[in-house]
Amino acid sequence: MTIPAPLHYWATWQRAEGLGERVIRERIQSIEKLLRETDTTLETVGRRDLVMWLGMHEWAPSTRNNRRSLLHTFFTWMQDEGLRTDNPAARLPRVRVPKHAPDPFSVPEIQALLDSGVYRKTRAAIALHYYLGLRVSEIAAVHGRDVDRERMVVRVVGKGSKRAPLPFPDAVHALVLSMPSDEYWFPNRQANRLYAAGEGHVLGKSISESINDAIKRAGLAHRGHQLRAATATEMNRAGVASLVVQEGMRHESMATTQIYTKVDLEAVRDGLNRLPVVDLDSERRQRRGGRTAAGRLAA
């Protein structure tokens, strides 16, 4: 399928906005998918087509909401640029996205996963997911040249092409030294949408599938992304300052970090136990003394 000219222009527009190539590529691919599956064009696709497309897939609510937002962004841009006189995405159905409580791996579960016979590269991916809180796309793209082995720091390109240095904790120093120093840590063996076979690195999807397959074989009721939730949860449990947790997770706001952080019931109890103590027997003493609390305050 030939990429329509407006999509080429939109890609350039997004580069002018400073968006990363991965984000741009994924957005373009989503619009191409829309056109294939609705058998329409950018000029003829209508609101009903968009509604049918959003409803035909078994996407998670958050994914469906992201697709809806993308459609609104793209067709608003087309209308602003005079490429369409109308905006078919102007009044699409709102997507209900339920709030989910964090469900991180526990430390014993992570150990059980590692002890279940996973391959060396999958073990390395699990370690980066948990110990550094890396996203699967970030894990897939780690190159030996990104790693400063003297300072034990890795340079990561995250969401929105934001570059950030992350320190390796002591527990993974041996792993870091065992990985290639001048090539990708997760090299590509089969052709993917970015690289030919034998070139570049695997995709984040490949990392995710490897970890999720290992989780399934280990009999654990989790998804790989919940290893990243364990990063935030265990730092919080250890008393790490909230700002440090947020920085380590590379979140724009504390609200996002809280989505990943589970607060234990016992931690809440401990917090409540730190409240200043008041005398719950004061009413009995008041009856003996003949004075009310209101009377004492007025005195």
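Let's start with a helix pair: the axes of α1 (residues 5–17) and α4 (residues 61–80) come within 11 Å and cross at roughly 105°. This is a predicted model, so read every value here as computed from predicted coordinates. Angles from 65 to 115 degrees count as roughly perpendicular, and α1 and α4 are therefore roughly perpendicular to each other.

Which residues make the contact? On the α1 side they are P6, L7, Y9, W10 and W13, and α4 brings L70, F74 and W77. Sorted by class, the contact of α1 with α4 has eight nonpolar residues, with no polar and no charged ones.

Now for the strands. Three of them form an open sheet in the order β1-β2-β3, and the pairing is antiparallel. The edges are taken by β1 (147–148) and β3 (163–167); each has a single partner strand, so one side of each is left without a neighbour in the sheet. As general background, strands of a sheet pair through backbone hydrogen bonds, either parallel or antiparallel.

How many bridges join β2 to β3? Five bridges link β2 (residues 153–157) to β3, the two strands running antiparallel. For β1 and β2, also antiparallel, the count is two bridges. Here are some residue pairs to look up in the viewer:

| Residue | Partner | Strand of the partner |
|---|---|---|
| D148 | V153 | β2 |
| R155 | P165 | β3 |
| V157 | R163 | β3 |

So, reading across the sheet, D148 stands opposite V153 of β2, while R155 faces P165 in β3. V157 has R163 of β3 as its bridge partner.

The hairpin of β1 and β2 deserves a look if you like backbone torsions. It has four residues between the strands, and M152 takes a positive phi near 55° there.

Last stop: V51, which sits in helix α3 (residues 47–56). Is V51 buried or exposed? Neither label fits: the cut-offs are under 20% for buried and over 50% for exposed, and V51 has a relative accessible area of 29%, so V51 is partly exposed. What does V51 touch? Leaving out residues up to four places away in sequence, V51 touches L92 and P93.

For a distance to check with your own script, take V51 and G117. They are 66 residues apart in sequence and 45 Å apart in space, going from C-alpha to C-alpha.

How values were computed
Residues are numbered from 1 along each chain as its sequence is written. This is a predicted model: local features need pLDDT of at least 70, side-chain atom pairs count only at pLDDT 80 or more; totals for chains, interfaces and linings use all residues. Side-chain values use heavy atoms; hydrogens and water are left out. Axes are lines fitted to C-alpha atoms, for helices over the stretch in contact, and angles run from 0 to 180 degrees between N-to-C directions. Angles under 35 degrees count as roughly parallel, over 145 as roughly antiparallel, 65 to 115 as roughly perpendicular and the rest as oblique. Contact means heavy atoms within 4.5 Å. Ala, Val, Leu, Ile, Met, Phe, Trp, Tyr, Cys and Pro count as nonpolar, Asp, Glu, Lys and Arg as charged, and the others, Gly among them, as polar. Two strands pair if DSSP finds at least two bridges between them. Buried means under 20% relative accessible area, exposed over 50%, partly exposed in between (1.4 Å probe, protein chains only).
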